[in-house]
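Colleague: Please take a close look at a single part of this model, the strand pairing and its surroundings, and describe in one connected account what is found there.

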Amino acid sequence: MDFLTIVQISDSALRLATPLLLACLAGLFSERAGIFDIGLEGKILVSAFFSAAVAASTGSVWIGLCAGIAVSVAFSMVHGLASITFQGNQLISGVALNFLASGLTVLVGEAWFSLGGRTPSLAGEARFPNLELPFASAVADIPVLGPIYSDLLSGHTILVYVALLLVPVSWFVLYRTRFGLRLRAVGENPAAVDTAGISVIRLRYTSMVIAGVLCGLAGIYLATGLGSAFGKEMSAGRGYIALAALIFAKWKPVPALGATLLFGLLQAIAIRYPKLDLGIITLPAQFMEALPYILTVIILAGFIGKAIPPKAGGEPYVKER
Amino acid sequence: MTLMKKFLGAAAAVAVTAGAALADPAIIFDLGGKFDKSFNEAAFRGAQRWADETGGKFLEIELQSEAQREQALRRFAEAGANPIVTTGFAMSTPLSEVAPDYPDTKFVTIDGWVEAPNVHVVGFAEHEGSYLVGLLAAKASKTGTVGFIGGMDVPLIRKFACGYAQGVKAGNPDATIIANMTGTTPAAWNDPVRGGELTKAQIAQGADVVYAAAGGTGIGVLQAAADAEGVLSIGVDSNQNHLFPGKVLTSMLKRVDVAVYNIMTAGENLEVGFEALDLSQDGVGYALDENNASLISEDMKTSVEDAKAKIIAGDIKVHDYSSDDSCPVLDF
């Protein structure tokens, strides 16, 4: 494996990790506030569909972006309504949203475009263009650093850079602002937050809005950056892998980047080398694809440190009994 | 009592005529979806053409999951549909279960293999068509490296890949062929994102012509090739040249539409047997239209037509992967 191949695989890994990273951060905000969010998958799917459908109809990816985020936030609000206001079971509400998304996208897509649930192929203004970073072509010939800059870092859509930027932003918001402190507290001990005179309900809804926006971005990237149209079930389990990455990262933003990049890398290697020849044994493609889940199981079994979820996660907050 | 008998008799008569009138043909689309721009869509076009020309109606269903296969067959058979056309090799097993239960209904499998007195089998010589597009790919490639992206890893798709590889080697004996399969489950027919990533990986390895035999996944392949500079793609089953004009070198045509049209035209009088559609009957071929006219030079056209004539005459033998589950020029 030469250097250029490594750069190309990393390039592919970065692309594949981006939707995972965005979804993982969405889960991070929601679970840190004490709301389990199984519905990441469904939110990615509806956002992918509506952004692609609206971008295809209007010809502008930015209007598509707004539509995708709006629908994803709306889904988030349904989840919030069920699990915060009505104090329902958060897992059931999330699973219901996943089913709803899977059926709704195909149904609306068929009625809208009559393409069997697919949206028309997006072209030109209806897709996010690949951005060339400054001097990318000028430095391409510099050994080692040139390819890293011009192939690996440059030439992605704007959402990839937004996702990467959101990692330090999330860290700052969670650990260096008053809002972040309260958000974390509400996931650990909502009664204490309430005693201090801060609204638990409002904080949790705010976290759901943030999760909705981030999931929306993940779906939009999937449909208009990574792909060029919506296809039936195109999220393909990414919401669940993001949840696995969240556990892997122990609900922290910077490890979340590492975990999603690792999972992206595994996918990229599986694509480049369907059968991985390690000399002694050849790993089949199925093994490579199952690896993120296997890794998560190993971590959950406690081999690599202990992953402790936010204490109040999954518990609806009841003020008085 | 007599009145009652009359009523019953009338009701029975109505039921009989209704039964006769109900003998519409039915078609079951496989998991890639009716509008996959490829295999299933070709079948749909054939059925639609029959409906437009004769004013007839046909029943249809798009399968959503594996579990629906047998259910859909039984529903159509019990509704009196005849013949029932199924697309895709994956219908073979459910069809061999269901067909004996409805001996008066004629079933058709396109791409599958079922031995039953009431099942009509339609097969295509995909290896011959793939050979021709492989030859074109070798002539069009500047890097000497070409790619192949299959859908689900099954013998049928390896048959495409093997024919293609033989064509490439015929056009350029030193050419490198990179072959990837999208997956090992039926979901591999409908994963354009993965198809696109596979294409980017092949382009990174030097491929400048990529042949997609992957149903709905192929759209992602064609898109990724169209996005890249100087890379051409080859479509499959339907003519996909128009999807990205000037970026699709050609399409390997599999005239599923003609097969479906002929079957529906024959209707209940369909003669059950095995039908193999190859180059000599134009059952397979390569697409040439205004969208790719500038990509196919006179020289390429001459050599591909020459190869076609030789295959029909039997001077060139294209190895069929499914005959012995091996390919002389390509390792999987």
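Modeller: In this predicted model, strand β1 of chain B, residues 26-29, pairs with β2(B) in the parallel sense, and four bridges join the two. One residue pair can be named: B:Ala26 has B:Leu59 of β2(B) as its bridge partner. Strands of a sheet pair through backbone hydrogen bonds, in either a parallel or an antiparallel manner.

The pair belongs to an open sheet of six strands in chain B, ordered β2-β1-β3-β4-β5-β11, with parallel pairing. At the edges of the sheet are β2 (59-62) and β11 (274-277) of chain B, each of which pairs on one side only. From one strand to the next, the twist averages 15°.

Helix α3 of chain B, residues 68-78, lies across this part of the sheet: β1, β2 and β3 (84-87) of chain B are the strands concerned. Relative to β3(B), helix α3 of chain B runs at about 165°.

Chain B also meets a second chain. Here 22 residues of chain B are in contact with 19 residues of chain A. On the side of chain A that touches chain B, the elements giving two or more residues are α1 (3-32), α9 (200-226) and α11 (253-272) of chain A. Of these, α1(A) gives the most, with three residues. By residue class, that side of chain A comprises eight nonpolar, eight polar and three charged residues.

Key:
Residues numbered from 1 in each chain as written. Chains lettered and ligands numbered in written order. Predicted model: local features only at pLDDT ≥ 70, side-chain atom pairs only at ≥ 80, totals over all residues. Contact = placed C-beta atoms within 7 Å. Nonpolar A, V, L, I, M, F, W, Y, C, P; charged D, E, K, R; others polar. Pairing = 2+ DSSP bridges. Axes fitted to C-alpha atoms, helices over the stretch in contact; angles between N-to-C directions.
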